[in-house]
Amino acid sequence: MKPVLFGIIVSASLPAVAAKYAGEFMYVGAGARALGMGGAFCSVADDATAAYWNPAGLVSLPGREIQLMHSERFGGLVKYDYLAYAQPFGGSAISASLFRTDAGDIADTTGLEWLDTGSDGVAGEDGAGVPGDSGSDDYDPLTNPGGTENNGRWDPGEELIYDEGRISWGSAVDYALYLSWARPLTDELSLGASMKVIQRTLMDHSAFGAGLDAGIRWTPSDVFAAGLNLQDAVGTHIFWDTGSNESVVPTAKLGASTVWSLGRLSTVVTVSADGDFRFEGRKYSAQYHVGDVSLDTHFGAEFLVRDRVALRLGTSEGSFTAGAGLRIGIMGHPVSLDYAFLGHEDLDDTHRISLGIGI
């Protein structure tokens, strides 16, 4: 039933042209380390995943690095994969990242039919016809414009004909390629940018788009950092082969973090907080809102023991997150294996696994 339900939602939304949630597949995140910390990573951003969280953080890379992640979202309904490569380059840093979201087989239900019987579920003329007809729901544009019988719409109470022969199957796959660059301005301040190229496929339709993220990171000391990543800085525009288009409104991701060492326990503790400010009138789907401005929060903590084992906790938009990680060396190369968990009140839990390799 999940694929069929998803298909009904997708089919209904296909013709729509709207800015809200248009780039939602790009807000899932990158790397199980960051996601185990609730996605509060804008100011931490010190590995290859910085290309997503804050491209300015790429200047912290000690060398070349590969990151891979696989995620099973909402009980395996949606698969999400991520691959990134980053390296220092002549005093700057560069990176290429690829994101793929696959909703699997989904049902196209636009061929389904329904019995336009009205809200009482019984067909017939007002006051006559099949016994049980309410006698008040026949649609007439002049005398009864509020009527639901024979109004050409599927209203509550009307029967859906579930004929599998009328259902076709397709897929919904999204790709996003990030090409990133970062450069230090001073010892404390760095900036970066990510150009995004997007390709989307929904059933028999496809779309292409492009956008830009721009970030800045400030590290005045070894124990404090702050960052700002303006995602979709000039608006990301996606053009469908149907002639319609979507515009992704900019999001300002603002974060701060602090680090301190517990020497006796050989543990380094990182605590971070991010706020995602959006300007598209999300209102009730956001944690907080004032007019068209909304705010979603992310909080996280990481406990790194002996530079080897990591435990993580956090919240992402009010949902609980947790994770763990292991750092080892293989043939002289640093390797990190990380896991992240995201709970959800209404949907199934999400699990992420990622691998980082220094080369």
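Reader: Before we start, what does buried mean here?

Author: A residue is called buried if its relative accessible area is under 20%, exposed if that area is over 50%, and partly exposed in between. Please keep in mind that this is a predicted model.

Reader: Okay, so is Asp174 buried or exposed?

Author: Asp174 has a relative accessible area of 9%, which is under 20%, and therefore it counts as buried.

Reader: And which side chain does Asp174 meet in a salt bridge?

Author: Its partner is Arg200, and the N to O distance in this salt bridge is 2.9 Å. The two come from distant parts of the chain, since Asp174 belongs to strand 6 (residues 168–184) and Arg200 to strand 7 (residues 189–202), with their positions 26 residues apart in numbering.

Reader: Why does Arg200 count as buried?

Author: Its relative accessibility is 14%, and because that value is under 20%, Arg200 is classed as buried.

Reader: How many salt bridges does the structure hold?

Author: There are 14 salt bridges in the structure. Among them is the one between Arg33 and Asp47, whose closest N and O atoms are 3.7 Å apart. This pair also joins distant parts of the chain, with Arg33 in helix 2 and Asp47 in the loop between helix 2 and helix 3, 14 residues apart. Arg33 and Asp47 are both buried.

Reader: Any salt bridge with Glu280, and what is its distance?

Author: Glu280 and Arg282 bring their side chains together in a salt bridge with an N to O distance of 2.5 Å. Both Glu280 and Arg282 are buried.

Reader: Which residues are joined into one network by salt bridges that share partners?

Author: That network takes in Arg33, Asp46, Asp47, Glu302, Arg312 and Asp338.

Reader: Switching to empty space: what does the largest cavity look like in volume, and which residues line it?

Author: The structure holds 1 cavity of 30 Å³ or more, and the largest cavity has a volume of about 30 Å³. Its lining is made by Ala30, Gly31, Ala32, Arg33, Ala34, Asp47, Thr49, Gln67, Asp338 and Ser354. By class, these residues divide into 3 nonpolar, 4 polar and 3 charged. Helix 2 (residues 32–36) gives the most to this lining, with 3 residues.

Reader: And the second largest pocket, which residues lie nearest its centre?

Author: Arg33, Asp46, Asp47, Pro62 and Arg327 lie nearest its centre, out of 38 residues that line the pocket. The second largest pocket has a volume of about 900 Å³, and strand 18 gives the most to its lining, with 4 residues. The lining has 13 nonpolar, 12 polar and 13 charged residues.

Reader: Now the aromatics. How many aromatic pairs are there?

Author: The structure holds 9 aromatic pairs. One of them is formed by Tyr52 and Phe99, a tilted pair with 5.8 Å centre to centre and 50° between the planes. Tyr52 sits in helix 3 (residues 50–53) and Phe99 in strand 3 (residues 92–108), so the pair links distant parts of the chain, 47 residues apart.

Reader: Why do those two count as buried?

Author: Tyr52 has a relative accessible area of 2%, and because this is under 20%, the residue is buried. Phe99 is buried for a like reason, as its relative accessibility is 6%. Tyr52 and Phe99 also take part in one aromatic cluster, together with Phe41, Trp53, Tyr80, Tyr82 and Tyr178.

Reader: Does any charged end sit over a ring, and if so, which one?

Author: The charged end of Arg278 sits over the ring of Tyr27, 4.7 Å from the centre of that ring.

Reader: Last topic, backbone angles: what is phi of Asn150 near?

Author: Phi of Asn150 is near 65°, a positive value in a residue that is not glycine. Asn150 lies in the loop between strand 4 (113–115) and strand 5 (159–161), and because its relative accessible area is 54%, which is over 50%, Asn150 is exposed.

Reader: And where does Glu317 lie?

Author: Glu317 lies in the loop between strand 16 (309–316) and strand 17. Its phi is near 55°, again a positive value in a residue other than glycine, and with a relative accessible area of 39% Glu317 is partly exposed.

Terms used:
Residues are numbered from 1 along each chain as its sequence is written. This is a predicted model: local features need pLDDT of at least 70, side-chain atom pairs count only at pLDDT 80 or more; totals for chains, interfaces and linings use all residues. Side-chain values use heavy atoms; hydrogens and water are left out. Rings of Phe, Tyr and Trp (its six-membered ring) pair if their centres lie within 6.5 Å; planes under 30 degrees apart count as stacked, over 60 as edge-to-face and the rest as tilted. Buried means under 20% relative accessible area, exposed over 50%, partly exposed in between (1.4 Å probe, protein chains only). A charge sits over a ring if NZ of Lys or CZ of Arg is within 6 Å of the ring centre and within 35 degrees of the ring normal. On a 1 Å grid over the protein atoms alone, a cavity is a set of points where a 1.4 Å probe fits but cannot get out, and a pocket is an open set with protein on both sides within 12 Å along at least five of seven lines; lining residues have an atom within 4 Å of a point. Grid points are joined across faces, edges and corners, and a volume is the space filled by probe spheres set on the points. Ala, Val, Leu, Ile, Met, Phe, Trp, Tyr, Cys and Pro count as nonpolar, Asp, Glu, Lys and Arg as charged, and the others, Gly among them, as polar. A salt bridge is a side-chain nitrogen of Lys or Arg within 4 Å of a carboxyl oxygen of Asp or Glu.
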